Amino acid sequence: MQITFISDTHGLHHQLNLPEGEVLVHAGDVSSRGTEEEIIAFLNWFAKQKYRHKIFIAGNHDWFFELNSNDYISRIIPKSVIYLNDSGVTIQGVTFWGSPVQPTFYNWAFNRERGAEIDKHWQLIPTDTTVLITHGPPMGILDKTISGQAVGCEALTTRVQQIRPKIHVFGHIHEAYGTQTIGETLYINASVLDFKYKMVHQPVDIVIDEM
């Protein structure tokens, strides 16, 4: 299975040059201000991409998804698009799980306090997850800001080490774009924008074995 990973497009998705592939995964921050207009524009673009499967989660900028009901959200999601919010989907034996939450930073969407509050979300992740999609990074892995501060989630690091997915993809910290393999897991910060919100990074294309 060939999977293309992107994150943090912030409304600049039209600037992307996407490779061919089977699955397209977006790890959140599809918009800049989280308005319904921005979200619908993204969804219309996302649905048209030539991938068999298209999966996305929300991010801290994507207020629309936190402020509206699941029923209303489901009505605007195109049939060809899969939206994950502490939920999963299995495609050709590969299990994807997605969550938008990240440790509290100012007052953004899907902020949760470090410790027990955010860990409740991580405990929902099934142990058989193949590809884990979160908006924020785990602590100490592709999570350093431009000032060098590590801002990832400690509880997420612990849960990922327990689950050991093949891939853990995230974004949120634009300047920490890149990949890192630790043990059995390939970690991907797929932020396509830099810290100045310029489109400078490439989508990450990975092939994994179907289960």
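## A buried isoleucine between β9 and α5

Ile141 is placed in the loop between β9 and α5. The structure described here is a predicted model, and every value below was computed from it. Ile141 is buried, because its relative accessible area is 6% and the cut-off for a buried residue is under 20%. Leaving aside residues up to four places away in sequence, Ile141 touches Phe170, Gln180, Ile182 and Tyr187. One of these partners, Ile182, is 41 residues from Ile141 in sequence, while the C-alpha atoms of the two are 9.3 Å apart in space.

## Helix α5 and its surroundings

The loop that holds Ile141 lies between β9 and α5, and the buried residues of α5 itself are Ala155, Leu156, Thr157, Arg159, Val160 and Ile163. These buried residues pack against α4, β9 (131–134), β10 (167–170) and β12 (185–189). Just after α5, Arg164 takes a positive phi of about 55°. As background to that value, most residues other than glycine have a negative phi.

## The nonpolar cores

The largest nonpolar core holds 39 residues, and those that touch the most other members are Phe56, Phe65, Ile77, Tyr83 and Trp122. Two or more residues are given to this core by each of α1 (36–48), α2 (63–67), β4 (81–83), α4 (116–122) and α5 (154–163). The element that gives the most is α1, with 5 residues. In soluble globular proteins, nonpolar side chains tend to be buried together.

Tyr83 illustrates how a member of this core is surrounded: with residues up to four places away in sequence left out, Tyr83 touches Phe56, Ile57, Ala58, Phe65, Ile73, Ile77 and Phe110. Apart from the largest core lies another one, of 22 residues, which includes Met1, Val25, Ile91 and Ile167.

## The loop between β3 and α2

Two residues described here, Asn60 and His61, are found in the loop between β3 (53–56) and α2. Asn60 counts as buried, because its relative accessibility is 4%, and His61 also counts as buried, because its relative accessibility is 9%.

Asn60 touches Asp29, Gln102, Trp108, Ala109, Asn111, His135 and His172, not counting residues up to four places away in sequence. With His172 there is a polar contact between the two side chains, at 3.1 Å. Asn60 and Phe110, which are 50 residues apart in sequence, are separated in space by 5.8 Å from C-alpha to C-alpha. The contacts of His61, counted with the same exclusion of residues up to four places away in sequence, are with His10, Asp29, Ser31, Ser32, Arg33, Gly34, Trp108 and Tyr197. For Ser32, the side chain of His61 reaches the backbone oxygen at 2.6 Å.

## Asp29 and Gln92, with positive phi

Asp29 is among the residues touched by Asn60 and among those touched by His61. Asp29 lies in the loop between β2 (23–26) and α1, and it is buried, because its relative accessible area is 2%. Phi of Asp29 is near 60°, a positive value in a residue other than glycine.

Gln92 has a phi near 50°, again a positive value in a residue other than glycine, and lies in the loop between β5 (87–91) and β6 (94–99). Gln92 counts as partly exposed, because its relative accessibility is 31%, a value in between the limits of under 20% for buried and over 50% for exposed. The side chain of Gln92 makes a polar contact, at 3.5 Å, with the side chain of Arg52. Gln92 and Asp209 are 117 residues apart in sequence, yet their C-alpha atoms are 9.9 Å apart in space.

## The largest pocket

The largest pocket has a volume of about 400 Å³. Its lining is made up of 23 residues, and the ones that lie nearest the centre of the pocket are Phe105, Thr145, Val151, His172 and Ile173. One of these, His172, is the residue whose side chain makes a polar contact with the side chain of Asn60. By residue class, the lining divides into 9 nonpolar, 10 polar and 4 charged residues.

Conventions
Residues are numbered from 1 along each chain as its sequence is written. This is a predicted model: local features need pLDDT of at least 70, side-chain atom pairs count only at pLDDT 80 or more; totals for chains, interfaces and linings use all residues. Side-chain values use heavy atoms; hydrogens and water are left out. On a 1 Å grid over the protein atoms alone, a cavity is a set of points where a 1.4 Å probe fits but cannot get out, and a pocket is an open set with protein on both sides within 12 Å along at least five of seven lines; lining residues have an atom within 4 Å of a point. Grid points are joined across faces, edges and corners, and a volume is the space filled by probe spheres set on the points. Ala, Val, Leu, Ile, Met, Phe, Trp, Tyr, Cys and Pro count as nonpolar, Asp, Glu, Lys and Arg as charged, and the others, Gly among them, as polar. A nonpolar core is a set of buried Ala, Val, Leu, Ile, Met, Phe, Trp, Tyr and Cys residues joined through side-chain atoms within 4.5 Å. Buried means under 20% relative accessible area, exposed over 50%, partly exposed in between (1.4 Å probe, protein chains only). Helices (H or I, at least four residues) and strands (E, at least two) are DSSP runs, numbered from the N terminus. Contact means heavy atoms within 4.5 Å. A polar contact is a pair of N or O atoms within 3.5 Å; within protein, one must be able to donate a hydrogen and the other to accept it, and residues adjacent in sequence count only if both atoms are side-chain atoms.
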